Amino acid sequence: EYAAKKFLAEQGYDEGQQTLSKLRRDLNKGTSFVWEELYESWTQFKVRQINEFVNEIYELVKELEDGRKSDTTGAYTNSNIIISTSVFADSDVVTKKCQDWEYWFKQGWIEVATPMAYYQNANTVTQKIAEMIAKLDNISYNYAGIAPYFMGMNPYEEVVQAVAALS
């Protein structure tokens, strides 16, 4: 609710329209194009908010360390705290989940990726993890998260999933 109000205020909507569901109902009376355009802006807004949050966490964590910065790069040195995150490995993750993890890693905010490779098919697990590693171009460690147990797979399938995650 807080984020929606902030977004709608940025978009210039008055206090009487301060819910996305009410706005959507109102816009659906008109053209769907208007809603699609607003929804795209809403998605971009959420991505920005999450990016800012990840950056803020990074800055706060780094302040907990000894605080010495490199004179040439501005990067923190003597890093004892490693920041990791679990993210979806899907290609549409920015638009569907608002996780711009590729940006986070390239900014140096996150150091370890744990891709959530929750798929029934072991080949898909291998493919999605390989895609993520390729995008990150070896700038982070990757520890795949798989979920065969929660998907009701038998022990053999669990092993196949684990091997797929290592491939």
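Student: In this predicted model, which residue forms a salt bridge with Lys106?

Tutor: The model is predicted, and side-chain atom pairs count only at pLDDT 80 or more. The partner lies in helix H5, as Lys106 does, four residues away, about one turn of the helix. The closest N and O atoms of the pair are 3.0 Å apart, within the 4 Å cut-off for a salt bridge. The partner of Lys106 is Glu102.

Student: Is Glu102 buried, partly exposed or exposed?

Tutor: Lys106 has a relative accessible area of 51%, and exposed means over 50%, so Lys106 is exposed. Glu102 has 27% relative accessibility, which lies between the 20% and 50% limits. Glu102 therefore counts as partly exposed.

Student: How many residues apart in sequence are the parts that Glu10 and Arg48 tie together?

Tutor: Glu10 forms a salt bridge with Arg48, with the closest N and O atoms 3.5 Å apart. Glu10 lies in helix H1 (residues 2–10) and Arg48 in helix H3, so the pair ties together parts of the chain at a separation of 38 residues.

Student: What are the relative accessible areas of Glu10 and Arg48?

Tutor: Both residues fall between the 20% and 50% limits, so each counts as partly exposed. The value for Glu10 is 47%, and that for Arg48 is 40%.

Student: Which residue meets Glu111 in a salt bridge?

Tutor: Glu111 is in the loop between H5 and E2, and its partner is in helix H3, 49 residues apart. The N to O distance is 3.6 Å. Glu111 is partly exposed at 25% relative accessibility, while the partner counts as buried at 2%. That partner is Lys62.

Student: How many salt bridges does a search of the whole structure find?

Tutor: Among them are Glu10 with Arg48, Glu111 with Lys62 and Lys106 with Glu102. The search of the whole structure finds four.

Student: Why is the pair of Trp42 and Phe45 stacked or edge-to-face?

Tutor: The search of the whole structure finds four aromatic pairs, and Trp42 with Phe45 is one of them. The ring centres are 5.8 Å apart, within the 6.5 Å limit for a pair. The planes are at 15°, under the 30 degrees cut-off, so the pair is stacked.

Student: Which residue joins Trp42 and Phe45 in one aromatic cluster?

Tutor: Trp42 and Phe45 both lie in helix H3 (residues 32–64), three residues apart, about one turn of the helix. Both are buried. The cluster also includes Phe7.

Student: What is the angle between the ring planes of Tyr103 and Trp109?

Tutor: The ring centres of Tyr103 and Trp109 are 5.4 Å apart, and the pair is edge-to-face. Tyr103 is partly exposed at 36% relative accessible area, whereas Trp109 counts as buried at 9%. Edge-to-face needs planes over 60 degrees apart, and here the angle is 90°.

Student: Which residue lies over the face of Phe88?

Tutor: The distance to the ring centre of Phe88 is 4.7 Å. A charge over a ring must be within 6 Å of the ring centre. The residue is Lys97.

Student: Where is Cys98 found?

Tutor: Cys98 has phi near 60°, a positive value in a residue other than glycine. At 4% relative accessibility, Cys98 counts as buried. Cys98 is in the loop between helix H4 (93–97) and helix H5 (101–106).

Student: Which strands are the edge strands of the sheet?

Tutor: Three strands form an open sheet in the order E1-E2-E3, with parallel pairing. An edge strand here pairs on one side only. The edge strands are E1 (84–88) and E3 (141–142).

Student: Which residue in E3 is the bridge partner of Ala113?

Tutor: Five bridges pair E1 with E2, and two join E2 (residues 112–116) to E3. On the E1 side, Thr85 stands opposite Ala113. In E3, the partner of Ala113 is Asn142.

Student: Which residues of E1 point to one face and are buried?

Tutor: In a regular strand the side chains alternate between the two faces of the sheet. Along E1, Ser84, Ser86 and Phe88 point to one face and are not buried. Those that point to the other face and are buried are Thr85 and Val87.

Student: At about what angle does helix H6 run to E2?

Tutor: Helix H6 covers residues 122–136 and lies across E1, E2 and E3. Its angle to E2 is about 150°.

Methods. Residues numbered from 1 in each chain as written. Predicted model: local features only at pLDDT ≥ 70, side-chain atom pairs only at ≥ 80, totals over all residues. Heavy atoms only, no water. Phe/Tyr/Trp six-rings, centres within 6.5 Å; stacked < 30°, edge-to-face > 60°. Buried < 20%, exposed > 50% of the residue type's maximum accessible area, 1.4 Å probe, protein only. Lys NZ or Arg CZ within 6 Å of the ring centre and 35° of its normal. Pairing = 2+ DSSP bridges. Contact = heavy atoms within 4.5 Å. Axes fitted to C-alpha atoms, helices over the stretch in contact; angles between N-to-C directions. Salt bridge = Lys/Arg side-chain N within 4 Å of Asp/Glu carboxyl O.
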